[in-house]
Structure formats: structure tokens, C-alpha cells
Amino acid sequence: MKSGDAFGFSRRGVLVGGSAAGAVLVHAGPVQAAPAKGDVPVTMPVSLEVNGTRHDLQLDTRTTLLDALREHLHLIGTKKGCDHGQCGACTVIVNGERINSCLSLALQHQGDKVTTIEGLGTPDKLHPMQAAFIEHDGFQCGYCTPGQICSAVAVLGEIRRGVPSHVQEDIVAAPAVSNQELRERMSGNICRCGAYSNIMEAMQHVAGESA
Amino acid sequence: MKAFTYERAQSPAQAAAAVARKPGAKFLAGGTNLLDLMKLQIETPTHLVDVQDLKLDRIEETAEGGLRIGALVRNTALASDMRVRRDYGVLTKAIVAGASGQLRNKATTAGNLLQRTRCPYFYDTNQPCNKRQPGSGCGAIGGVSRQLGVIGVSDACIATYPGDMAVALRLLDAHVETVDPQGAVRSIPIGEFHRLWGDTPHLETSLKRGELITAVTLPRPIGGRHLYHKVRDRASYAFALVSVAAVIHPDGSGRVAFGGVAPRPWRVEAAEEAMPRGAQAVTAQVFAEARPTADNRFKLQLATRTLAGVMAEARA
Ligand code: FES
Ligand code: FES
């Protein structure tokens, strides 16, 4: 419950109160207040290491990693676009690998190390990918951007580790950092504003620097 | 999402027993398909048995010279394994043709096999669907069926098995190893794993209640050129309209299986002797029993053309 205090009955808290996971925020009293019969909310403890800090949470079992980050830890950099694994806005890095945080229960991540956009860099000390997105104008509205940047950082790691892709001519060979490769590997991140070509430039820039 | 209780199992047999014990219980592996369906209340488990701690995440060589792939090996890890890339290239190619990088990092081998159809009538809970709600009817028959099945379908359901990985596994004669709630193990040929569901489309596999997949095994490598062509509405991150998995030898002989056309990966071994005579000779036999709708009849020609493309690549 401590995680709900910061927002109390703010607009955000009331809004999310409409969803099952958000009920924990609104009903600051008994967690299992007036449950519908046969659909009794269940809470369980989970600890996550997010951006280097350990958090012990008591969550409704239904809480996704995305909702745990946004609604309970108030790390609202990670975005909810579709909530169904289709847009990539919720992409975070878990134990070094990018995943869709909307399609994972927080409980599946007991003890995991989670890196969100807030953990990649800070306004004073940007991650090279964040700086490159600014330099190359890799966004317009910015909604998809935290997911794009987390994905982009992980993609360059996947290429370095030799993870094969659909567009690779020879799947046994080491993949290259070509435009075609980056486009294919970033296909799980949708940008409604169509900043794709600039995102590719930002990624090429960072890949060139670290090569 | 409906409320549920959650536990983490510590051994495969314990996980199987835990699911068998509670009506409404389901296994949870990566969760990329199950959680999506739970949010839509298409799946409404009351208890989840998380199997991530079962140590089924290794790929080992078998005494027969093949590979044993743990049920929880992630799709990215399986596609990246150098033994798979070298000796079973069609499997790597099929996996990386599916989903997105984020999903492949999370999705498991067993979960990928068990993914459910992407039929729009299955997803729309306002529509009748015999698979989602047995006996309610099929909205797709007589509805919009462009993406749906052309063969192996029934009067109750014309959905397809949507995956890519399993098409390659079917081609490679994989087996699915399981353990049941009593602790008994068995090995199911992949061709018998996904059911032709007839009038029980809600029963999609030959697994019994509580039976847990522990591994997928591959026989020794068979050589040849390994190819996977997937035709879809966009170049990446979309389900197949038609896909073709093939292994082709220098003399033109080989194997072929099709995805996106049927309730399971579609392979007709008897048609493979026709491979040296070209794509049309093969698909004429493979799709002899096809029952397409007006919307998806195009898949038959597309299958022939896609196979012709695969054969051309093998010769190049
Ligand atoms: S919010 Fe997770 S993929 Fe769209
Ligand atoms: S910058 Fe607006 S959605 Fe990508």
C-alpha cells in the first residue's frame, strides 16, 4: 500500500481505479474490500531491482510489470500504448534483455534487474542513445520514445552478441549493423509519428561510435 | 483480467500435479500469449502455475546425434544456438520470421507450440466462436475469412494454427516430450501434437489435462538447404498468410511443410516425392483436399508460388 500514497486520490489514482490493478491504489483501506463473488483479488509480495534500487511490493497478482513500474513505483517514463504486445511503447530491459512489460506479470520478475528509460541516463548525463535521439530528431510527440530507446540499446547488444535476424543473408555469420537489419530488429516498436528514419540514424550513430 | 492465485512450481512433476489438482489452473511460462488472452477474458484461469524455475532452459545433444531443447528455452536463445543455426537452419529462420525481438526474448519453446489462433472471431468476444465458447457457432464461416484456414478445417471452425516455429519442427520430425500429473513421461511425434479438431475446436492439442511439455527433441541433422519463406501483409511482425518451410537437397528432393493454412503445420509426406518436378506438382497433392472460402482461395495459388520461390532459392 505504501506505493499508493504518493498519488493518493489524485486524478491518476482515480483514473486507474477503473482498472482491476488500480483498485489497490484507490482502496487505501482493506485491500480485499467488497470483492465480486468468485473474483476475489489476491495480493502477493514481490521484489524487483529497478534501475539499481530494490523495491519490495505487495501487488494484486494481475499487476503487469508495466503497471508495477508506472502505477506503483511511479516510473512513468515507460509508456502504455496498446497493453497487448503490439506497439513496443512499454519496452524495458530485464536482466539485459528487452521485453514488453505489458505482457509480463510483475510476479514473474521476482529478483529480476529491470532497467527503464529513467535508469539508462539522466537529464544531466544522457545515455548515448538518448543523446543521439535528440541530435537526430528521433521523435515528434515522444510517446513511443522511451520504448524505442530501450529497444534500440538492446538491439545493438543483440547484434553484438550475434543474435540472428529475419533479414540476414547467412544466419551462421555475424550480423551487420545495416539499415535493413536495424529496421527489422526494431519492428516491434511502432511510432505513430513516423520518426523511423531518424531513429535509424540515431542508432547508426551510436553503433558507429561503439564499434 | 479475472483474479487468480499464483504459485511457482519447483519440479516438472509437481507443476503437472498442481495444474491437475485445481480446476481452472493453467501453466504460465513466458506469458506473452496467455496474458494477452487473459486481459481480453478469452482465457480466465483461476490459478497460475509459473514454471520458470523448472530448469528446462538448456539445449543438449542427444545420444542419437540430435538435440534436446528444454521447454523453457526462449525463442531468441533457440534461434541463436550455433548448432541450430548450422544444422537445423530452417528452425532459426522460422523463429526469427515470427513476432518481434521483445516477444522472442520472452516466449518459450513450449509456449510457442501452445500459442492459440489469431482468428479475429476468436479474439472478438462479441462474436460466436466454437473454440472460445464451444457450441456457440463460428462467426468466421460466412464471415471475413481472408486469413483463415484452407485445409484440415471443419464445419465448426476454420481457424489456423498461427505459429512459425512449429512449421519448422514438423518439417524436422521433432518430438514433444511431456510429463503427466502421475509423473509418467511420453514423447509425442510433432505431427500428432496439434489436433485436427473436427467438431471439438476447443481441444487443440493431444495433451491431457495437467500434462506438461518438458522438451522438444530433434533427430540427427538431415543436411540440405534449409529455407523458410513467409508471406504476410507487412514485411515484419505479422502473422503468415502462407509460409513454406523446406529442406531441399542438390538433386531437388526434400521435404516441405506449410504454415498459415490449417489447424496445424501442414505437411503431406507422400507429396514430397514430387519435389524434383516443381512446386505445382507438390501443392496439387498437398492441397488436394482443400476447402477454401471465397476470401482465402488465394492462399492456394500463393502456396504454390511461395514454394516455387523457395525452390528457386535452393537452386541459386
Ligand atoms: S503497451 Fe506493451 S506493447 Fe504496446
Ligand atoms: S514520436 Fe510520436 S509515436 Fe513516436
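**Exercise 1. Find the residues that form the salt bridge between the side chains of A:Arg98 and its partner, and describe the two domains of chain A around it.**

Step 1. The side chains of A:Arg98 and A:Glu158 meet in a salt bridge, 3.0 Å from N to O. The term stands for a side-chain nitrogen of Lys or Arg within 4 Å of a carboxyl oxygen of Asp or Glu. Before going on, note that this is a predicted model, where local features need pLDDT of at least 70, side-chain atom pairs count only at pLDDT 80 or more, and totals for chains, interfaces and linings use all residues. Residues are numbered from 1 along each chain as its sequence is written, chains are lettered from A in the order in which they are written, and side-chain values use heavy atoms, with hydrogens and water left out.

Step 2. Now place the domains: chain A is divided into domain 1 (40-120) and domain 2 (121-211), with bounds from an automatic or database domain assignment. Their centres, taken over C-alpha atoms, are 22 Å apart. Domain 1 of chain A gives 20 residues to the contact and domain 2 of chain A gives 18, where contact means heavy atoms within 4.5 Å.

Step 3. Look at the area next. About 1500 Å² is buried between domain 1 and domain 2 of chain A, and carbon and sulfur atoms give 55% of that. Buried area is the accessible area (1.4 Å probe) that two parts lose on being put together, summed over both. A:Arg98, A:Ile117 and A:Leu120 supply 45% of what domain 1 of chain A buries against domain 2 of chain A, more than any other three residues.

Step 4. Finish with the polar side. Across this interface of the two domains of chain A, the rule finds 1 salt bridge.

**Exercise 2. Describe how chain B touches chain A.**

Step 1. Count the residues: 40 of chain B are in contact with 41 of chain A. The area buried between chain B and chain A is about 3300 Å². B:Lys39, B:Arg85 and B:Gln102 supply 20% of the area that chain B buries against chain A, more than any other three residues.

Step 2. Look for charges. Between chain B and chain A the count is 1 salt bridge. A:Asp83 forms a salt bridge with B:Lys39, with the closest N and O atoms 2.8 Å apart.

Step 3. Ask which element of chain B gives the largest share of the side that touches chain A. That is α6(B), with 5 residues; helices (H or I, at least four residues) and strands (E, at least two) are DSSP runs, numbered from the N terminus.

**Exercise 3. Decide whether α5(B) is enclosed or open, and whether A:Ser47 is buried or exposed.**

Step 1. In α5(B), 7 of the 8 residues are buried, so this helix is largely enclosed by the rest of the structure. Buried means under 20% relative accessible area, exposed over 50%, and partly exposed in between (1.4 Å probe, protein chains only). Among the buried residues of α5(B) are B:Val90, B:Leu91 and B:Ile95.

Step 2. Turn to A:Ser47, which lies in strand β1 (residues 43-50) of chain A. With a relative accessible area of 8%, A:Ser47 is buried.

Step 3. Leaving aside neighbours within four places in sequence, A:Ser47 is in contact with residues including A:Arg54, A:His55 and A:Gln110.
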